[in-house]
Amino acid sequence: MLLEINNISVVYADVLQVLKGVSLSVEEGRVVSLLGSNGAGKTTTLKAVSGLLKPENGKVTDGTIVYDGCPIHNLSPEEITRKGIIQVLEGRQPFKYLTVEENLRVGTATRWTQPYQEDLELVYRYFPVLLKRRKSLAGYCSGGELQMLVMGRALMARPRLLLLDEPSLGLAPLVVREIFQIIERINEEQGTTIVLVEQNSKMALQIAHYGYVMENGKIVMEGTAEDLRKNPDIKEFYLGMGSAETIRSYRNVKSYRRRKRWL
Amino acid sequence: MEFFLQLMVNGVCIGLIYGISAMGFVMIFKASSVINFAHGELLAAGAFFFFTLTAWGGLPVYAAFILTLAASFILGFIVERLFLRPLIGEPLIEVIMLTIGLSSMFKGMMLLLWGGNLYTFPDFLPESLSLRFGAITIPPVYTGALIIGAFFLALFGLFFKYSSQGIFMRSVADNQTAALSLGVHVKRVFALSWGIAALVAAISGIVLGIINGINVHELSSIGLKVFPVVILGGLDSITGAVIGGILIGLLETFTGGYLSTSLKDVIPFIVLVIVLLIKPYGLFGLVEIERV
């Protein structure tokens, strides 16, 4: 296992408990998807791995996170990124006043003494749009371009484990499809292990090998992507494909009980 | 007309030095949003260090200059490491109080070491540096200021545009969380910005010391002129700092030349108040790019 999270609890500001015993493991070379509704704790789980909880006053209070054999919980982000774990933040956070190419160069921060020309070419091969806009300020790029930019920026660090937080947020369906194809290619061609947090469960389960479902700071279900896709409850609650005869309403006792089991 | 041109040339030369000093101030503010009230003392410290090395230590000017720059950089680095780093994440007001405390501390230490007297540098600039255009003469100090100013502006411009560390520094100023997520050593960037700020403050301290003579009180109050400069230029713009510096330099020399020399040191602060009333973000403050 490349990454193993054992029963972690995360507390913000010493009072607010967000994760209550989350365990999951990620095998090297796989795409693992993390699904769940808003506020379930998906982003917090990613931040616990990447060390970005610290600046937000959050802490792993219990449990262990083991990456490649060594414990990494509560290490600083500087140390964790140098081990090869890079998180792509939710909501595309480009450096607005830097050009596209300068943004990509920041991705080399973990290994800035080495040459980066080849990596730049690799990123431009995955995202040809960026090559066209390399001299323009990132602040003036479109949403789709920005998502590609922040993913390319992460690739520049040559990550072993890439944590993607909602790459489809606010993008047109065609752009989403393109981005997911690229994620799949990165996983296959570069051998990068990927943890994917998504609201777009349908897309996520198409490219993932394995999936976890989170609710209220806990893992409530896990399984191979295929199993999850076929599971009737997942279909109804997360894929939005309830069978025609069940009217999804809490007045409907059967539906209520089924949903209740998840929460 | 000649008088006007002469004043203008002097103003630009002095202004460039103000601009360089303000650049250091803006750098700290951009990277860590800390307003450094000890900037004037860093400036004075540089001037005194250079003075000690040349006048008392007997070192050649070039060696003393390079040594002073290195020492100031290290001083800035140490200040960040010892005093600022423990306060990362604390409320901004505490950090500002700290820099005010630092300014008193440095001033006291300098008074202890060198006393409150006015010193002057031995005349080391060659007379050949003095330039002559018709009726206008540029004294050697001002030519030196112009050369040093232009050189370091170009140097830092290139540093921020092309070097990796320069790009990392800009990335931290732009979006700290994102920089952190990519493994940018944010604390090292803070330390580097303090080092560079102390270094540019020392440069301007040396040049202003040559022009006005060196005295702890005077130099540290000159350091306070970064406030009108950066307010005029916009707190978050390095180019703005330089332009603001030149404007303040011109304003000062013109006031000194045409009105009265006693008004000279007050006028930048009058302008500061007026600019704050009309354009609170400065003339060259960054235009926020609004798009998600």
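These legends go with close-up views of a predicted two-chain model.

**View 1. Where chain A meets chain B.** Let's start at the contact between the chains: 27 residues of chain A touch 18 residues of chain B. On chain A's side, helix H2 (77–82), strand S6 (85–88) and helix H3 (100–106) each chip in at least two residues. The biggest share, four residues, belongs to H2(A). Sort chain A's touching residues by type and you get 13 nonpolar, eight polar and six charged.

**View 2. Helix H9 of chain B and its buried face.** Look at residues 216–223 of chain B, which form helix H9. The buried ones here are B:Val216, B:Leu219, B:Ser220, B:Ile222 and B:Gly223. Seen down the axis of H9(B), they fall within an arc of 155°, so they line one face of the helix. And what do they pack against? Their partners are four helices of chain B: H2 (39–56), H4 (92–114), H8 (186–212) and H10 (226–233).

**View 3. The largest nonpolar core.** Nonpolar side chains tend to be buried together in soluble globular proteins. In this model, the largest nonpolar core has 157 residues. Its members that touch the most other members are A:Leu196, B:Met23 and B:Val184. H8(B) gives the core its largest share, 18 residues. Chain A joins in too, with at least three residues from each of domain 1 (3–230) and domain 2 (232–263).

**View 4. Zooming in on B:Met23.** Which residues does B:Met23 touch, if you skip those up to four places away in sequence? They are B:Phe156, B:Val200, B:Ile238, B:Ala241 and B:Val242.

Definitions and conventions: Residues numbered from 1 in each chain as written. Chains lettered and ligands numbered in written order. Predicted model: local features only at pLDDT ≥ 70, side-chain atom pairs only at ≥ 80, totals over all residues. Buried ≥ 20, exposed ≤ 12 C-beta atoms within 10 Å, placed from the backbone. Arc of directions from axis to C-beta. Contact = placed C-beta atoms within 7 Å. Nonpolar A, V, L, I, M, F, W, Y, C, P; charged D, E, K, R; others polar. Core = buried A, V, L, I, M, F, W, Y, C linked by C-beta atoms within 7 Å. Domains from an automatic or database assignment.
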